[in-house]
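Visitor: I'd like to go through this one label by label. Can you show me the structure and tell me what earns each term?

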Amino acid sequence: GTPEDTLRLAGNLYQLGNTFGNLPGGMNTIPDRMPRLLEAGDNVYGVILSLPVGAEIRYKYTLGDGFWNAEHDSSGGFHLRRLIVPDQPTQVDDAVLTWESDEKDAITFDLWTPEYTPADEDIYIQLNPYGWTTPLPMNKIAENHWVLILYSPFNILNEISYRYCRESQCGITGSAETTSDLTTLKMVTPGLEPQYIADKIENWAWLDPSILADPLPLPNITPREDGFLTGIEIMPSNQAGDSYQIASAIQKIASAHSGVIILTPTWTFTHNNPPVIEPDPNRDPLWYDLEEMARNATGNGLQVAFHPQPQFPGNTDDWWSAAPRTFSWWNSWFDQYHMFAVHFAEAAERQGIETLILGGDWLYPALPGGKLATGEPSGVPADAELRWTKILQDIQSRYSGTISWSMSLPAWQRKPTYLNEVDQIILNWNPILPVDSFADLEELTGSAQGSLDGEVYDFWTSWFEADQIELILSIAYPSVSGWQFDCANIEEQICYELDSFSNPAPIISGLEIGFKEQAAAYQAILSTASKKEWVSGIVSRGYYAQAMLHDKSISIHGKPAEELLWRWFEALQQP
C-alpha cells in the first residue's frame, strides 16, 4: 500500500516539477510543484494532465522528489519513462515495479512537533547524503504528528544526515537545537532490516508561543474615503521553491484586508565586469511562478503590483565599489537594467497587473549625480537623466498600468526630469524614532509627525503636488529594541543599517529582540501618516510570507505588529 497524498509524477516539464535549475544537492525538481496522483481503488492511481502536443516527456513516478523514493527497475537503476504527447486524449497505463533500489530496507521517520506549531504549516525533512538536497514534504497523520518513509536510493548512498523544518525553509525554521548548532545533526545508515526513527522536536527556532500577547489598543481611526491604498510588500526570496509557499500565504494575506499585494520577483547579478543581470533558475522565480502567485492574489480579491528587485552575490555596496564603472561599463549597465525593466513590464502587461514599481535605493549610484556608499561619485555618465527618461518612456509604450517609482528622501534639491514620466511615488519613509522612549507612544508619534510635516511634506510639495502625483509611504521597522539607524551620527555604538534586517532570521548579536518596539513604531507611523490627505496610501514592506518567524527582521508576519496593521487597514477602509 502507498501512503495517500504522496504519489507524484516527476518529469522534464515545468508542470511536472522541473525548475530547470541546479538546486542544492544537484536536484532540479520540487515535489510541491509536481502533479499528485489520486487513488482510484485497488492500488490504482491516476492523474489527468494537459500537456503540449508533440512534446517528448521523460517522466517517472515517485513518493519523494524523483531522486528520493523514485521508482526503480529490477536491477536497482532509476526507471525513466518516455512519452511523445499525442494530439488526442489518451490513457497511459503504467505499473511501478518497486520503490526500493536494492536489498536494503525502508527507513520510517516518525516526528512529533510542539503543540504550538502553527496549524496551517507543513513540515518537511531535508536529507544530506553529500550536501543538503531539496526538502521533502512529510505526511501529516494527526495533529503535530508527521511521517515519511524513505525507500531509496540506498544502492548509491551510505550515511545520510537529516533535519526537519517548517514550510521547507530548512536552515531557518528548524528545531532550535539544530539551527543554532549543526553538530547536533542526526545520522542514519540504511541497512538490511527496516528502521523506525522516532523523533520529537521540543522547540522551533524563531517561534515563540508566548509573544502573541495583548496587541496595542487602537486609537480612534478616521476611515479614508478616497480610495486610500493599503498594502503589503513581500520580502524578496532567494530559493527557487519559495513561490509555492508564497502562493499559499497569499490567501491568508487576502483575508486580512491588505488591499494591494506587492510581489517582488528577482533577477540576479551574475557578473560584475561586464555587468550582467539575468534570471537564475536556482534563486529567481520563473515567469510561470510569477503568474501563479499573481493569479492566486487576484483570485482572492487582492490588487497586485510587481516590484522587480535585483539579487547581488554579496553586499550591494561592495558590488558597486568593485565595479570598474568606466564609460563602456555604464553603457552595458543601462542596457542590462533596460532589459530587466522591459521583461517585468511585459510580464505585468500580459498578466493584467495594476502597478509596476521601478527604481529603488539599490540603484542610487546609477542616478544623476550618483554616489557610492562611501560618498565618492559613482562616475555615472553625464546624460544619466536622459537615459532614465528614455527607459521610462519605453516602459510606458509597453505597459498600460500605473508606473511607480520607489525612492528614499533625496539628498539633492532639484527634481530630475525622468520623474515626470511616472504616475506614483513610493517613498521609503523611515523616520528616526527616539530609541529610549518606546514606552512613551506620544513622544514616538511626535517624532514621526515632525518628519512627516517637515522633510516629507517639503519633498512632496516642491516636487509633485502640482502634477497631482500620488505619494505612497512604504514603512519598515525591525523587531529589536535599542536600534539606532542613523549610522552617520553614531561614533562608538554598533550601528546597523535597515538592510541588515531585510533578510529572514538575521544574526545580529548586539541587539535584543523587541516585538513591542516594532508594534509601537508601526502605531506611531500609522497614526500620523493616515491623517494626511496628501498621503495616498501606506505599504508595509519586508513581509516574510513563507513561514512565521519571531526573528529580528523587518517582517511582521506572526508578530504583534501584524495584528495591529491588519486592524488599522480594516478601520481605514471602513465604508
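Guide: Sure. Bear in mind that this is a predicted model. Let's start with a pair of strands: β9 and β10 (residues 145-150) run antiparallel, with 3 bridges between them.

Visitor: What makes β9 and β10 a pair?

Guide: Pairing takes at least two bridges. β9 and β10 have 3 bridges, so they pass. At residue level, Asn-139 has Val-147 of β10 as its bridge partner.

Visitor: Which sheet do they belong to, and in what order do its strands come?

Guide: An open, mixed sheet of 4 strands, running β9-β10-β6-β13.

Visitor: Why are β9 and β13 called edge strands?

Guide: Look at their partners: β9 (139-142) and β13 (195-200) each pair on one side only. As for the twist, neighbouring strands in this sheet are turned by 25° against each other on average, ignoring direction.

Visitor: On to the rings. How many aromatic pairs are there?

Guide: The count is 43 aromatic pairs. Tyr-337 and Trp-362 are one of them, with ring centres 6.0 Å apart and planes at 40°.

Visitor: Why is the Tyr-337 and Trp-362 pair called tilted?

Guide: Centres have to lie within 6.5 Å, and stacked needs planes under 30 degrees apart while edge-to-face needs over 60. Here the centres are 6.0 Å apart and the planes sit at 40°, so the pair is tilted. Tyr-337 is in helix α5 (residues 327-350) and Trp-362 is in the loop between β20 (355-359) and α6 (384-398), so the contact ties together parts 25 residues apart in sequence.

Visitor: Are Tyr-337 and Trp-362 buried or exposed, and how do you know?

Guide: Buried means under 20% relative accessible area. Tyr-337 has 3%, so it counts as buried. Trp-362 has 13%, so that one is buried too.

Visitor: What makes Phe-459 and Phe-464 edge-to-face?

Guide: Their planes are 75° apart, with 5.5 Å centre to centre. The cut-off is over 60 degrees, so the label fits. Phe-459 is buried at 5% relative accessibility, and Phe-464 is buried at 0%.

Visitor: How do you know that Lys-60 sits over a ring?

Guide: The charged atom must be within 6 Å of the ring centre, and within 35 degrees of the ring normal. Lys-60 lies over the face of Phe-78, at 4.4 Å from the ring centre. Arg-163 does likewise over Trp-132, at 4.0 Å.

Visitor: Why is β20 described as largely enclosed?

Guide: 5 of its 5 residues are buried, so the rest of the structure largely encloses β20. Both faces are covered, with Thr-355, Ile-357 and Gly-359 on one side and Leu-356 and Leu-358 on the other.

Visitor: Which strands does β20 pair with?

Guide: Strand β18 (residues 303-306) pairs with β20 in the parallel sense over 2 bridges, which just meets the minimum of at least two, so it counts as a pair. There, Phe-306 stands opposite Leu-356. Strand β21 (residues 402-407) is also parallel to β20, over 5 bridges, with Thr-355 opposite Thr-402.

Visitor: What about empty space: how many cavities of 30 Å³ or more are there?

Guide: There are 5, and the largest holds about 120 Å³. Its lining has 15 residues, with Ser-237, Ile-246, Thr-264, Pro-285 and Met-293 nearest the centre.

Visitor: Which helix gives the most to that lining?

Guide: α2, with 3 residues. Both α2 (242-255) and α3 (287-299) supply at least two residues each.

Definitions and conventions. Residues are numbered from 1 along each chain as its sequence is written. This is a predicted model: local features need pLDDT of at least 70, side-chain atom pairs count only at pLDDT 80 or more; totals for chains, interfaces and linings use all residues. Side-chain values use heavy atoms; hydrogens and water are left out. Axes are lines fitted to C-alpha atoms, for helices over the stretch in contact, and angles run from 0 to 180 degrees between N-to-C directions. Buried means under 20% relative accessible area, exposed over 50%, partly exposed in between (1.4 Å probe, protein chains only). On a 1 Å grid over the protein atoms alone, a cavity is a set of points where a 1.4 Å probe fits but cannot get out, and a pocket is an open set with protein on both sides within 12 Å along at least five of seven lines; lining residues have an atom within 4 Å of a point. Grid points are joined across faces, edges and corners, and a volume is the space filled by probe spheres set on the points.
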